[in-house]
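Biologist: Please take a close look at the charged side chains and how they pair, and set them in the context of the whole chain. I am new to this, so explain each term once.

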Amino acid sequence: MAGYDDRDGKIWMDGQMVDWRQANVHILTHAMHYASSVFEGERAYDGKIFLSRKHSERLHYSAGELDFQIPYTVDEIEAAKQEVLTMNGLTDAYVRAVAWRGAGEDMGVASARNPVHLAIAAWEWGNYYGDAKYKGAKIDIAKWKRPSPETAPVHAKAAGLYMICTTSKHAAEAKGCSDALFMDYRGYVAECTGANIFFVKDGEVHTPKADVFLNGLTRQTVIGMLEDRQIKVHERVIMPDELEGFEQCWLTGTAAEVTPVGEIADYNFEVGAITREISESYEKMVRA
């Protein structure tokens with residue numbers, strides 16, 4: 001497969017459709033040096049982006065948390081995403097919208113005078129964890145911890161927050177794992193590098209309270225699905241030593257969708273009835 005910089009197709013950049021290989025930025029782009037960038041990952045099913053508007057609204061929110069304003073409205077972003085799908089002939093695709101501070105008059109930490117840019121790309125992307133979606137993913141435990149809300153804008157989908165995700169996922173893959181589980185700064189179970197996590201015990205579902213990490217849109221959707229089925233959901237503090245007592249586990253995220261987990265370090269989980277039902281029902285719902 002060609003690299004992501006060497007493909008046919010079009011990318012929407014600042015209101016214009018640009019040839020894929022020409023969708024470039026200057027080396028002194030502020031975001032490259034200081035992580036002044038926010039993004040969204042979205043999936044289109046049969047030509048319709050799931051929760052599209054909520055993603056666009058969150059993109060605006062994340063930019064605000066990083067103290068910049070995207071120069072396009074939510075409606076304009078919505079139209080641009082559909083244009084990208086159409087121009088590239090895609091119906092089932094992953095959609096990436098990214099906004100950032102570009103090159104301008106400032107090239108230090110401060111960048112208030114620099115222009116803000118927006119780009120939207122889309123491509124075909126299969127299961128994020130490969131066959132783990134059916135067999136159960138193998139998860140490592142990261143050495144890094146999710147930061148305190150007093151140290152970073154933890155509820156924004158900001159590029160800089162993914163630095164420890166990259167290093168942790170690399171370390172996990174080197175061990176033959178698909179992903180890594182973070183604890184937070186207090187030592188509580190938090191999330192994986194790009195997905196929220198759920199557990200099952202005695203027919204009830206437990207998931208970490210989203211107070212120091214992104215409350216994912218897929219996470220919120222799945223909680224609603226569980227509640228509709230009268231399955232009790234506990235959003236709460238989960239301690240690491242509780243992992244041993246859980247029977248089932250799955251991950252949620254736009255890329256991950258609903259992916260069962262078979263192992264976390266030395267702890268094993270079955271791909272049980274609740275996990276299968278939620279995974280299968282989610283796949284049907286996003287295509288409805």
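Modeller: I begin with the chain as a whole, then go through the salt bridges, and end with the surface and the backbone.

This is a predicted model, in which local features need pLDDT of at least 70 and side-chain atom pairs count only at pLDDT 80 or more, while totals for chains, interfaces and linings use all residues. Residues are numbered from 1 along each chain as its sequence is written, and side-chain values use heavy atoms, with hydrogens and water left out.

The chain contains 7 helices and 15 strands. Both are DSSP runs numbered from the N terminus: helices are H or I with at least four residues, and strands are E with at least two. Along its principal axes, the C-alpha trace spans about 55 × 40 × 35 Å. The radius of gyration is 19 Å, which agrees with the value near 19 Å that a compact globule of 288 residues would have. That radius is taken over C-alpha atoms, and the globule rule is 2.2 Å times the number of residues to the power 0.38. Of the 288 residues, 51% count as buried. Buried means under 20% relative accessible area, exposed means over 50%, and partly exposed lies in between, with a 1.4 Å probe and protein chains only.

Now the charged pairs. Side chains of opposite charge can pair when their charged atoms come close. A salt bridge is counted when a side-chain nitrogen of Lys or Arg is within 4 Å of a carboxyl oxygen of Asp or Glu. The structure holds 19 of them.

One of these joins D140 and K175, with 3.3 Å from N to O. The pair links distant parts of the chain, 35 residues apart: D140 is in strand 7 (residues 137–146), and K175 is in the loop between helix 5 (163–174) and strand 8 (179–184). D140 counts as buried because its relative accessibility is 11%, whereas K175, at 54%, counts as exposed.

Another salt bridge is formed by R186 and D184, whose closest N and O atoms are 2.7 Å apart. D184 has a relative accessibility of 2% and therefore counts as buried. R186, at 32%, is partly exposed.

R219 and E235 also meet through their side chains, at 2.9 Å from N to O. R219 lies in helix 6 (residues 217–228) and E235 in strand 12 (residues 233–236), so this salt bridge ties together parts that are 16 residues apart in sequence. R219 is buried, with a relative accessible area of 1%, and E235 is partly exposed at 42%. Elsewhere, D6, D8 and R21 are joined into one network by salt bridges that share partners.

Some charged residues belong to a surface patch instead. D202, E204, E247 and E270 form a negative one. Patches are made of residues with over 30% relative accessible area and no salt bridge; like charges are joined within 9 Å, and nonpolar side chains (Val, Leu, Ile, Met, Phe, Trp, Tyr) within 5 Å. Lys and Arg count as positive and Asp and Glu as negative, with His and the chain ends not counted. The place of a charge is taken as NZ of Lys, CZ of Arg, CG of Asp or CD of Glu. Within this negative patch, E270 lies in the loop between strand 15 (267–268) and helix 7 (273–286), and it is partly exposed at 46%.

There is also a nonpolar patch on the surface, made of V25, I27, L28, M32, Y34, M107 and V109, with about 670 Å² of accessible area together. Accessible areas come from the Shrake-Rupley method with a 1.4 Å probe, and for residues only the protein chains shown count as cover. M32, a member of this patch, is in helix 1 (residues 30–34).

Last, the backbone. Most residues other than glycine have a negative phi. D67 has a positive phi, near 65°. This residue sits in the loop between helix 2 (52–65) and helix 3 (74–87), and at 63% relative accessibility D67 counts as exposed. A265 also has a positive phi, near 55°, and lies in the loop between strand 14 (257–264) and strand 15. At 38%, A265 is partly exposed.
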